[in-house]
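Colleague: I would like to go through the terms used for this model, one at a time. Please set each value against its definition.

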Amino acid sequence: MRYISTRGAWGDDPQPFCAILQEGLAPDGGLAVPQAYPRFTGPELAALRPLGYRELAFAVLSRFIDDMPAADLRRIVADTYTAAVFGSDEITPLATLAPGLFLLRVSNGPTMAFKDIALQLVGNLFEYVLGRNQGSINILGATSGDTGSSAEYAMRGKRGITVFMLSPLGRMSPFQQAQMFSLADPNIFNIAIDGTFDDCQDLVKAVANDAEFKARWKIGAVNSINWGRIAAQVVYYFKGYFAATTENAQRVDFAVPSGNFGNILAAHVAREMGLPIRRLILATNENDVLDEFFRTGRYRPRSASETHATSSPSMDISKASNFERFIFDVTGRNPETLRELWSTLATDGGFDLSQTPHWAQVQAAGFVSGRSTHADRLATIREIATRYGIVIDPHTADGVKVGLELRDPATPLICVETALPAKFAATIREAVGRDPARPAVWRGLETRPQHSTTLAADAGLVKAFIAEHAAAA
Ligand SMILES: *Cc1c(COP(=O)(O)O)cnc(C)c1O
């Protein structure tokens, strides 16, 4: 398995997995994708059905990662997906709400969000690759909440890795802030920026665009375009499918709360690999750029000022960074077409596929979509709690709302739970009038000592801080 860029780089020299693992963007600004998706035959799929999570993860991931000894990958997978870290050997248990209606619980990792599934693995893969080359890396990221804590809990204490995480001063929830800032590991640096999340992202870009600084300090990224994260997420679609069905002739629908299009892209990849998925139901909140695309064919990223702050904040995105990989697939995997669309995007602020031959391919990809509002989230949380006795988080509620709306009664529906409700207590109180249950390890979190440095939104200051605290190059 070798990787190319959606925009054509590496076309003559496709890269192995470990070479793209620590890349943010490809050198041409594109995203790494497999040259062709690996495919499971019918008998191979049947052989996957009885496997436990770790064996299944190895079977899927070894199709994407074939440039390390199989025994090493098997060990990394086994060390990552443990009951101690994810709460059970199931790793991503499937809850049955009613006959044909399921909740895939992928949020039982260390920070109570699905991003742990991927980042815990990526942290261990980074450490392995760095150890092999005796290298080090300084990870620079920006977060408005979930990504930052998930990345920090995945990288804490890892040899060769130092994390610099920028967050907007005073703009995260008290829980999210305490989750990150209470870490005392010497390789984790929380930098509170006096500004907004967009300022934080701009600072990351400004630092990464300084090629000399980037090379000197080996600046790396773990953002949602990292292919290792997508590959890790493919696994739980297989797991959920096998848990909800009894034989591989059955097809299912998945409902996925979406922001940067990473989670649902993994479902699309799973289907390309042969998993019998009928439809992917994409849910957005009020930030509905993706819903608009799947309904109309028009992709129109929003400006920062058009992006709403909602009660499902991890889906408050203006443009969907992983979307480029999907568009690459549905436009014939032709880098030239992709470059043209992205140049139209840069000049016109959007593109429209509805009048092109590509639109038929988008529709053949089997996506449907819908959007949800704050009132919908509250009503859905209330309804699921009343009917099934399970309190879901506001992001999951967006997915359940749209999933139920577009449900086909003859097809099992699996709703993907993307966070635990304990992270979003205010919205849960508003919905059901009581606090969500908080796992014991998080009791008293907000009163623990916090560690962070506050800086003005100035790239020079961020660089100076990194230079002072970076892992030795
Ligand atoms: C990141 C996140 C999402 C959005 O997932 P994408 O992969 O960006 O589409 C949804 N819900 C929660 C809780 C998240 O943390």
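Modeller: Start just after helix 13, where Gly297 takes a positive phi of about 90°. The model is predicted, so local features need pLDDT of at least 70 and side-chain atom pairs pLDDT 80 or more, while totals for chains, interfaces and linings use all residues. Numbering runs from 1 along each chain as its sequence is written, and side-chain values use heavy atoms, without hydrogens or water.

Colleague: What makes residues 289-296 helix 13?

Modeller: Helices are DSSP runs of H or I with at least four residues, strands are runs of E with at least two, and both are numbered from the N terminus. Helix 13 has 8 residues, so the run meets the helix minimum of four.

Colleague: Why is helix 13 called mostly covered?

Modeller: Of its 8 residues, 6 are buried, that is, under 20% relative accessible area with a 1.4 Å probe and protein chains only (exposed is over 50%, partly exposed in between). These are Val289, Leu290, Asp291, Glu292, Phe293 and Phe294. Their cover includes strand 10, strand 11, helix 14, helix 16 and strand 13. Helix 13 lies across strand 10 and strand 13, at about 135° to strand 13.

Colleague: How do you know which strands are the edges of the open sheet?

Modeller: Strands pair if DSSP finds at least two bridges between them. The order is 3-4-14-9-10-13, with mixed pairing. Strand 3 and strand 13 each pair on one side only, which makes them the edge strands.

Colleague: What makes strand 3 and strand 4 a pair?

Modeller: They share 4 bridges in the antiparallel sense, so the minimum of two is met. Ala95 stands opposite Leu103, and Thr96 has Phe102 as its bridge partner. In this hairpin, with 2 residues between the strands, Gly100 has a positive phi near 80°.

Colleague: Which way do helix 11 and helix 12 cross, left-handed or right-handed?

Modeller: Right-handed: the near helix is turned clockwise from the far one by less than a right angle, whereas anticlockwise would be left-handed. Their axes come within 8 Å and cross at roughly 65°; axes are lines fitted to C-alpha atoms, for helices over the stretch in contact, and angles run from 0 to 180 degrees between N-to-C directions.

Colleague: Which residues does Phe326 touch?

Modeller: Contact means heavy atoms within 4.5 Å. Leaving out residues up to four places away in sequence, Phe326 touches Phe261, Leu265, His268, Phe293, Phe294, Val362, Ala365 and Phe367.
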